[in-house]
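Student: Could you take me through one part of this model closely, namely the surroundings of the ligand? I would also like to see how that part sits within the whole chain.

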Amino acid sequence: MRGTLVVGNWKMNGGLAANAALLSALVDGWRAAPGRRIALCVPYPYLAQANSALATSTIAWGAQDVSEHASGAYTGEVSAGMLAEFGCRYVIVGHSERRQFYGDTDAVVAAKAVAALAAGLTPIACVGETLAERDAGATVAVVRRQLDAVLAAVGADASLLVVAYEPVWAIGTGRTASPDQAQAVHATLRARLTQAGAADVALLYGGSVKADNAQALFAMADIDGGLIGGASLKSAEFLAIARA
Ligand code: PGA
């Protein structure tokens, strides 16, 4: 579903007291409007806190990763069914930090998207090139390969995805893709999604989005919102992005 979607990715940040303050500031400050949605992807231990703080609000929540397996002997993993029990609507799969530090391959990311959908969650499937790949002119090939792995696995459910383009070189670096650079990649992704019968998928941009650059990015034809890391930890900044 298109319209504006802004998702906070807290990454491995937070604490019960700080979260309580942030969540209540967001609940107080967020005014839902037609076609505008926000969500927060929090660390697993804080899902219960998000569930209780946000249950009566229009702010959705979710997790930052999920197991590709439904249950069993997978020490340390968390299943999509468990996330659903805590009221999650979304789960990020294939974030570049998972791919880089935890070895999530295209095949694993695709399997995680399938597992999420099977539990009724919306996967936020991340794609993005490294600086070396961009410099080598491989951006389109990389993001298409990453997206195609997910599309092949989810088949007719492609329209249920959210897709986030996050150039690895722009994540947490303060260096953002220009609106034109981001739009060029989004147009490619949109074309591929359209071929797959999923033209209406929300396509988010992520990578150093702040209140002062969000509006220019979100104004682009194929950018439907953002996946926000660092700036999602500050209520005023995150709300300003969500209103951009
Ligand atoms: P950033 O992170 O906004 O801190 O660059 C974005 C992300 O990794 O999702």
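Tutor: Happy to; here is the ligand site, followed by the chain around it. Please keep in mind that this is a predicted model, in which local features need pLDDT of at least 70, side-chain atom pairs count only at pLDDT 80 or more, and totals for chains, interfaces and linings use all residues. Residues are numbered from 1 along each chain as its sequence is written, and side-chain values use heavy atoms, with hydrogens and water left out.

Let's start with the shell. The ligand has 13 residues around it, and K11, H95, E166, G172 and S208 come nearest; a residue is near if one of its heavy atoms lies within 4 Å of the molecule. By type, the shell holds four nonpolar, seven polar and two charged residues. In that division, Ala, Val, Leu, Ile, Met, Phe, Trp, Tyr, Cys and Pro count as nonpolar, Asp, Glu, Lys and Arg as charged, and the others, Gly among them, as polar.

Now for the polar contacts, which are pairs of N or O atoms within 3.5 Å. H95 uses a polar side-chain atom, 2.7 Å from an oxygen atom of the ligand. G172 instead brings a backbone N or O atom to 2.7 Å from a ligand oxygen, and a polar backbone atom of G229 lies 2.9 Å from an oxygen atom of the ligand. The ligand taken alone exposes 280 Å², and the protein buries 96% of that (areas by the Shrake-Rupley method with a 1.4 Å probe).

Stepping back, the protein chain has 10 helices and eight strands, taken as DSSP runs: H or I of at least four residues for helices, E of at least two for strands. Its C-alpha trace spans about 45 × 45 × 30 Å along the principal axes. A compact globule of 244 residues would have a radius of gyration near 18 Å, and the chain's 17 Å agrees with this; the radius is taken over C-alpha atoms, and the rule is 2.2 Å times the number of residues to the power 0.38.

Buried residues (under 20% relative accessible area, with exposed meaning over 50% and partly exposed in between, 1.4 Å probe, protein chains only) make up 50% of the 244 in the chain. One of them is L204, which counts as buried because its relative accessibility is 0%. L204 belongs to strand β7, residues 202–206. Its C-alpha is 8.8 Å from that of T4, although L204 and T4 are 200 residues apart in sequence.

Note on methods:
A polar contact is a pair of N or O atoms within 3.5 Å; within protein, one must be able to donate a hydrogen and the other to accept it, and residues adjacent in sequence count only if both atoms are side-chain atoms.
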